[in-house]
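Visitor: I should be grateful for a close look at a single part of this protein. Please describe the aromatic residues and the elements that surround them.

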Amino acid sequence: MKLPRRTFLHLAAGAAALPAVSRIARAQAYPARPVRLIVPIAPAGAADITARLIGQWLSERLGQQFVIDNRPGGGGNIGTEAVVRAPADGYTLLLVGSFNATNATLYDKLNFNLIRDIAPIAGVFRGALVMLVHPSVPARSVPEFIAYAKANPGKISMASAGIGSTSHLAGELFKAMAGVNLVHVPYRGGGPAVNDLLGGQVQVYFASTPASIEYIKAGRLRALSLTTATRSDALPDIPTVGEFVPGYEATAWYGIGAPRATPAEIVDKLNKEINAALADPRMKARIVDLGGDVLALSPADFGKLIADETEKWGNVIRALNIRAD
């Protein structure tokens with residue numbers, strides 16, 4: 001049967017529009033069931049707190065549960081690989097963090113490449129680490145701590161959230177720049193590290209602000225300094241490490257990612273909702289109270305941040321010869 005030219009053109013135009021209509025419908029329908037947000041770090045740390053804040057917001061805004069699924073292990077690599085291997089349908093997301101940027105250099109044989117295999121969705125949080133000491137440590141400032149450490153080389157234990165974590169690298173950078181010898185004690189996440197610092201099993205820890213700020217305010221841990229270039233609105237009386245060790249700076253950051261081939265319309269929808277959360281006065285106040293700043297970025301800009309941080313910390317890891325084993 002030969003179709004009239006006008007009928008054929010109408011049909012062709014309709015067929016060409018179908019993919020766009022399908023994409024719009026898919027984005028409007030998403031999410032149609034609960035979404036897993038995998039946190040590749042142990043509960044109770046900054047990554048977990050950040051994920052729960054944004055997960056609750058997305059659950060309320062999008063009408064489906066965003067379930068927090070903690071998958072610790074391998075410095076964050078086990079949970080990250082689980083997302084890399086998941087279907088790219090928007091129903092498995094990843095809490096991406098600064099630990100991912102360091103792992104790219106720290107581990108020689110990863111089964112994935114984060115920059116290649118994870119689609120960046122949105123930033124959420126960026127903040128300082130806090131140089132904390134147990135109250136038994138006889139130092140109330142960074143210069144006093146440096147003097148104490150130099151008088152006791154190899155006798156002070158430095159906790160971290162794991163080998164290659166931001167807390168580990170912040171501590172190693174401090175050791176190198178301050179010229180002190182601290183014994184590294186890695187944990188499986190920030191929560192366990194804080195617990196042992198509270199108990200006095202370790203003496204110093206470069207902790208995330210969300211995981212430690214309440215202990216600081218309660219006087220259970222002593223904050224000596226912040227790792228950012230400038231002081232924090234949440235802890236205005238605490239100086240920065242850089243005020244005593246010129247050039248020192250380290251930050252922790254978190255955001256949301258998805259498997260590489262996740263449809264762009266789903267990525268864009270999640271980015272829009274997450275950035276709406278970060279613009280909400282109550283959410284902004286909550287993040288500031290935790291000692292951080294909102295990290296409102298487009299997917300492209302979040303991807304650039306990941307790439308830039310991977311390069312920066314890769315250089316530090318190589319320069320200090322830090323290894324995962």
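Guide: This is a predicted model. Arginine 33 lies over the face of tyrosine 91, at 3.7 Å from the ring centre. Turning to contacts between rings, a search of the whole structure finds six aromatic pairs. In one of them, the ring centres of phenylalanine 145 and phenylalanine 174 are 6.3 Å apart and the planes stand at 50 degrees, so this pair is tilted. Phenylalanine 145 belongs to helix 6 (residues 142-151) and phenylalanine 174 to helix 7 (residues 166-178), so the contact ties together parts that are 29 residues apart in sequence. Phenylalanine 174 also pairs with tyrosine 248: the centres are 6.5 Å apart and the planes are at 85 degrees, so the arrangement is edge-to-face. Tyrosine 248 sits in the loop between strand 8 (222-226) and strand 9 (251-259), so its pairing with phenylalanine 174 ties together parts 74 residues apart in sequence. Phenylalanine 145 is buried; phenylalanine 174 counts as buried because its relative accessibility is 0%, and tyrosine 248 because its value is 3%.

Ring pairs link Phe145, Phe174, Phe206 and Tyr248 into a cluster. Phe206 leads to strand 7 (residues 204-208), where five of five residues are buried. On one side of this strand are Val204, Phe206 and Ser208, and on the other Tyr205 and Ala207, so that both faces are covered. Strand 4 (residues 118-133) runs antiparallel to strand 7 and is joined to it by five bridges, with methionine 131 opposite phenylalanine 206. Strand 5 (residues 157-160) pairs with strand 7 in the parallel sense over two bridges; here methionine 158 has valine 204 as its bridge partner.

Definitions and conventions
Residues are numbered from 1 along each chain as its sequence is written. This is a predicted model: local features need pLDDT of at least 70, side-chain atom pairs count only at pLDDT 80 or more; totals for chains, interfaces and linings use all residues. Side-chain values use heavy atoms; hydrogens and water are left out. Buried means under 20% relative accessible area, exposed over 50%, partly exposed in between (1.4 Å probe, protein chains only). Helices (H or I, at least four residues) and strands (E, at least two) are DSSP runs, numbered from the N terminus. Two strands pair if DSSP finds at least two bridges between them. Rings of Phe, Tyr and Trp (its six-membered ring) pair if their centres lie within 6.5 Å; planes under 30 degrees apart count as stacked, over 60 as edge-to-face and the rest as tilted. A charge sits over a ring if NZ of Lys or CZ of Arg is within 6 Å of the ring centre and within 35 degrees of the ring normal.
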